[in-house]
Amino acid sequence: MLMFSINRFVTNSLVDEVTAAGGRVAVQLERNRLDYPLAQRKSRNLQVVDSQGRVVASTPSLYGKPPMATFTPDGTNVTTSVVCGGVFPLGECDLVVAQWAHRGGVRWIVYSASPAVPPLVDARLATAVIGGMAVLAGVITYIGHRIVTVALRPVNAVRAELDEINASSLDRRVPVSPADDEIHELADSVNRTLARLEGAMERQRQFTADASHELRTPLAGLRAQLEEAQLHPGETDLSTLLAHSLSDLDRLQLIITDLLLLAKLECSPSRLRERIDLATLVRAEVSRRADPRKVRLVLASEVPIDAVHGQIGRAVTNLLDNAERHARESVVVEVRANDGAAEVIVDDDGEGVAEADRERIFERFARLDAARSRDRGGTGLGLAIARRIAQAHDGTLQVGTAPSGGARFVLRLPMAPPVDDGAERVRTSS
């Protein structure tokens with residue numbers, strides 16, 4: 001492309017020069033005189049052809065030769081063409097320009113010519129251009145390689161770090177480029193993915209550890225009772241054995257059910273939510289208890305949330321179970337709207353929770369002092385499940401101190417956006 005552009009530029013310049021040389025002779029001819037030499041350069045050739053087609057003047061190399069071309073500048077004053085062979089040396093092509101010249105009332109033709117520009121213009125120029133292009137290409141390639149190498153260095157560091165990270169070292173993170181670019185975003189995305197993987201692996205390890213540890217005790221007790229009955233069948237009370245065995249099995253079933261629910265909540269929280277009145281849900285959960293009169297309700301009206309009904313019901317049930325387990329005499333449940341959020345507050349008048357233990361009680365199978373020990377009933381997973389349900393609904397579950405000095409659990413959930421009356425009527429009628 002570059003050589004083509006140079007060829008075109010040089011050819012246009014040559015046409016202008018040859019045309020000017022022929023035009024000078026045409027002007028002299030119209031003034032009834034010719035100045036020799038007709039051409040100023042040795043490589044230029046000129047001929048003057050009269051109206052009869054005879055050559056009346058020419059440059060020395062064309063003496064005695066016929067006209068160099070047969071075309072005429074019909075329709076224009078100047079016509080240009082390339083002529084090969086003829087009066088020119090064998091194998092040579094010349095650029096020929098034909099111009100009219102008026103003499104004695106008739107038109108004569110002035111032909112001016114010069115060897116045509118070769119495609120490569122000049123061997124030395126072509127060599128220089130090609131060599132320069134090769135050097136330029138080499139420089140650009142080197143610079144591009146250096147730029148790519150420097151640009152990909154952070155990517156190589158990320159790749160190398162990822163190669164060394166395995167299931168036993170998910171706490172490691174790939175280096176993040178200080179520049180605010182795509183590589184920085186890539187490293188940040190990889191680190192977030194590693195954090196999620198680490199969390200998933202930790203939950204899996206925790207689930208395995210919890211299951212193996214907490215299931216061992218009831219299984220060991222059940223096995224001991226059965227082995228004792230096998231060794232001393234005559235001294236075994238069958239009804240007592242069956243009652244103890246069923247009790248251990250019930251506890252095993254509760255633990256397994258709670259563990260599976262907690263694992264499900266952590267891995268794939270449900271998105272099948274519906275509009276629920278929180279006060280109505282709490283009233284229904286309290287009514288299902290053995291003695292609902294022990295629970296005092298303080299319920300605001302119209303506290304709507306978007307939630308999975310069964311999960312929020314399970315969270316409320318777990319909080320009620322915990323409160324009744326540790327209350328001396330009373331449990332108070334309040335539902336209210338507070339600062340754009342829906343709240344369920346469960347107070348008991350028990351021993352309360354020490355400030356140092358207020359996060360530990362939400363851990364799986366957390367073991368505190370005797371005042372709030374899981375040995376007093378339950379699986380030790382109720383509060384962990386309730387908090388995970390709250391988090392799955394973009395809410396929180398915190399513990400504090402009730403006015404009575406006992407524990408206060410506050411379940412806080414986002415309020416549902418208001419709906420117009422027409423939409424509410426349609427929903428109700430459907």
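In the predicted model, Glu-285 is in contact with Gly-313, Val-316 and Thr-317, when its neighbours within four places in sequence are left aside. Glu-285 belongs to helix H5, which spans residues 278-287. Its partner Gly-313 lies 28 residues away in sequence, and the C-alpha atoms of Glu-285 and Gly-313 are 6.7 Å apart in space. The relative accessibility of Glu-285 is 11%; the residue therefore counts as buried, the limit being under 20%.

Helix H6, formed by residues 309-326, packs against helix H7, formed by residues 382-392. The angle between the two helices is about 145°, and their axes are 9 Å apart. The crossing of H6 and H7 is left-handed. On the side of H6, the contact is made by Gln-311, Ile-312, Arg-314, Ala-315, Asn-318, Leu-319 and Asn-322. H7 contributes Gly-382, Leu-383, Ile-385, Ala-386 and Ile-389. By residue class, the contact of H6 with H7 comprises 7 nonpolar, 4 polar and 1 charged residues.

The disulfide count for the model comes to 1. This disulfide joins Cys-84 to Cys-93, with an S to S distance of 1.8 Å, which lies within the 2.5 Å cut-off applied to pairs of cysteine sulfur atoms. The torsion about the S-S bond of Cys-84 and Cys-93 is about 105°, and the disulfide is therefore right-handed. With regard to solvent accessibility, Cys-84 has a relative value of 49% and so counts as partly exposed. Cys-93, with a relative accessible area of 29%, is likewise partly exposed. Both values fall between the limits for buried, under 20%, and exposed, over 50%.

At the level of the whole chain, the secondary structure comes to 8 helices and 12 strands. The chain contains 430 residues, of which 36% are buried. Among contacts with a sequence separation of 6 or more, 58% are accounted for by residues 24 or more positions apart. The pair formed by Glu-285 and Gly-313, in contact and 28 residues apart in sequence, falls within this range of separation. The accessible surface of the chain comes to about 25200 Å², and carbon and sulfur atoms account for 56% of this area.

Conventions. Residues are numbered from 1 along each chain as its sequence is written. This is a predicted model: local features need pLDDT of at least 70, side-chain atom pairs count only at pLDDT 80 or more; totals for chains, interfaces and linings use all residues. Side-chain values use heavy atoms; hydrogens and water are left out. Axes are lines fitted to C-alpha atoms, for helices over the stretch in contact, and angles run from 0 to 180 degrees between N-to-C directions. Helices (H or I, at least four residues) and strands (E, at least two) are DSSP runs, numbered from the N terminus. A crossing is left-handed if the near helix is turned anticlockwise from the far one by less than a right angle, and right-handed if clockwise. Contact means heavy atoms within 4.5 Å. Ala, Val, Leu, Ile, Met, Phe, Trp, Tyr, Cys and Pro count as nonpolar, Asp, Glu, Lys and Arg as charged, and the others, Gly among them, as polar. Buried means under 20% relative accessible area, exposed over 50%, partly exposed in between (1.4 Å probe, protein chains only). Accessible areas come from the Shrake-Rupley method with a 1.4 Å probe; for residues, only the protein chains shown count as cover.
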